[in-house]
Amino acid sequence: SIVRNGERVGVRGIVVDISGRKEWEQALRTSEQRYRRLIETAQDGICVFDSLGRLMEFNESFCRISGYSPQELRRMTIGDLEAVESPEQILQHIGRIGKSKTDRFETKHRRKDGTLIDVDVAATLLDPQEGRFVIFVRDTTEQKRIESRIKEREATLLHAARLSTLGEMASGIAHELNQPLAA
């Protein structure tokens, strides 16, 4: 208020154009929604964890792959899922990822029902200051099973081919032995 001689004569104010900020906020919300849709519709499990291996965020695919509900996963660590590395090895592995910023490896995870699954893991340091990491987990159990069957069939075919070759050789030797006797 502007006061002269004890009487209010006007109002002073400041007008700030916030339309730019509003546009920026809307763009940010749109970007966040797009990011969230990408994460939620991904076929791979995606999880964010801290430097102690505590699970912080994850998508529905990670729940499906692990067999755990979101409420259960929020109380878990990577060590609860990892079936190959010990807790100490997991922390060492997290430390190496923190230094190199990324890692890709194969391991096994234990599902809620106790079954072991083969997984391909791509890990990246997400936020160095907060010590947060993101992992992309792909269940490769069926792929490994198919590869194993193919190797078994290849071995069977190779064995059959060797037996066939031996049979042909034995037949040729027998024929050569029979020729002088026939003469």
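Helices (H or I, at least four residues) and strands (E, at least two) are DSSP runs, numbered from the N terminus. This is a predicted model, where local features need pLDDT of at least 70, side-chain atom pairs count only at pLDDT 80 or more, and totals for chains, interfaces and linings use all residues. Residues are numbered from 1 along each chain as its sequence is written, and side-chain values use heavy atoms, with hydrogens and water left out.

**Exercise 1. Confidence**

Find which elements have the lowest and the highest mean pLDDT.

Solution.
- Step 1: pLDDT is the predictor's confidence in each residue, from 0 to 100.
- Step 2: For the protein, the mean pLDDT is 85, and 89% of the residues reach 70 or more.
- Step 3: Helix α6 (residues 141–182) has the lowest mean among the elements, 71. Helix α3 (residues 70–73) has the highest, 96.
- Step 4: Where pLDDT is low, predicted coordinates should not be read in detail.

**Exercise 2. The sheet**

Work out the strand order of the open sheet and name the strands at its edges.

Solution.
- Step 1: Two strands pair if DSSP finds at least two bridges between them.
- Step 2: The open sheet has 5 strands in the order β4-β3-β7-β6-β5, with antiparallel pairing.
- Step 3: β4 and β5 each have a single partner strand, so they stand at the edges, and one side of each has no neighbour in the sheet.
- Step 4: Direction ignored, neighbouring strands are turned by 30 degrees against each other on average. Axes are lines fitted to C-alpha atoms, for helices over the stretch in contact, and angles run from 0 to 180 degrees between N-to-C directions.
- Step 5: Now add a helix. α5 lies across β3, β5, β6 and β7, and runs at about 155 degrees to β5. Contact here means heavy atoms within 4.5 Å.

**Exercise 3. Strand pairs and turns**

Trace the pairing from β5 through β6 and β7 to β3, and look for positive phi angles along the way.

Solution.
- Step 1: β5 and β6 pair antiparallel over 9 bridges. Thr 107 has Val 119 in β6 as its bridge partner.
- Step 2: These two strands form a hairpin with 5 residues between them. In the turn, Gly 114 has a positive phi of about 95 degrees.
- Step 3: β6 joins antiparallel β7 through 8 bridges. Here Val 119 stands opposite Asp 139 in β7.
- Step 4: The hairpin of β6 and β7 has 4 residues between the strands, and Gly 131 takes a positive phi near 65 degrees.
- Step 5: β3 and β7 pair antiparallel over 6 bridges. Cys 47 has Ile 135 in β7 as its bridge partner.
- Step 6: Look also at Lys 101, in the loop between α5 and β5. Lys 101 is not a glycine, yet has a positive phi of about 75 degrees.

**Exercise 4. Salt bridges**

Locate the partners of Arg 21, Arg 138 and Lys 108.

Solution.
- Step 1: A salt bridge is a side-chain nitrogen of Lys or Arg within 4 Å of a carboxyl oxygen of Asp or Glu. The structure holds 10.
- Step 2: Arg 21 pairs with Glu 25, with the closest N and O atoms 3.4 Å apart. Both lie in helix α1 (residues 19–41), 4 residues apart, about one turn of the helix.
- Step 3: Arg 138 meets Asp 44 at 2.9 Å, N to O. Arg 138 lies in strand β7 (residues 132–139) and Asp 44 in the loop between α1 and β3 (45–50), so the pair ties together parts 94 residues apart in sequence.
- Step 4: Lys 108 meets Asp 118 at 2.6 Å, N to O. Lys 108 lies in strand β5 (residues 102–110) and Asp 118 in strand β6 (residues 116–127), so the pair ties together parts 10 residues apart in sequence.
- Step 5: Check accessibility. Buried means under 20% relative accessible area, exposed over 50%, partly exposed in between (1.4 Å probe, protein chains only). Lys 108 is partly exposed at 32%, while Asp 118 is buried at 16%.
- Step 6: Add the network of salt bridges that links Glu 57, Glu 130 and Arg 132.

**Exercise 5. The nonpolar cores**

Identify the element that gives the most residues to the largest nonpolar core.

Solution.
- Step 1: A nonpolar core is a set of buried Ala, Val, Leu, Ile, Met, Phe, Trp, Tyr and Cys residues joined through side-chain atoms within 4.5 Å.
- Step 2: The largest core has 24 residues. Phe 49, Leu 55, Phe 58, Phe 62, Leu 73 and Ile 135 touch the most other members.
- Step 3: β6 gives the most to this core, 5 residues.
- Step 4: A second, separate core has 5 residues, among them Ile 39, Ala 42, Ile 46 and Val 134.
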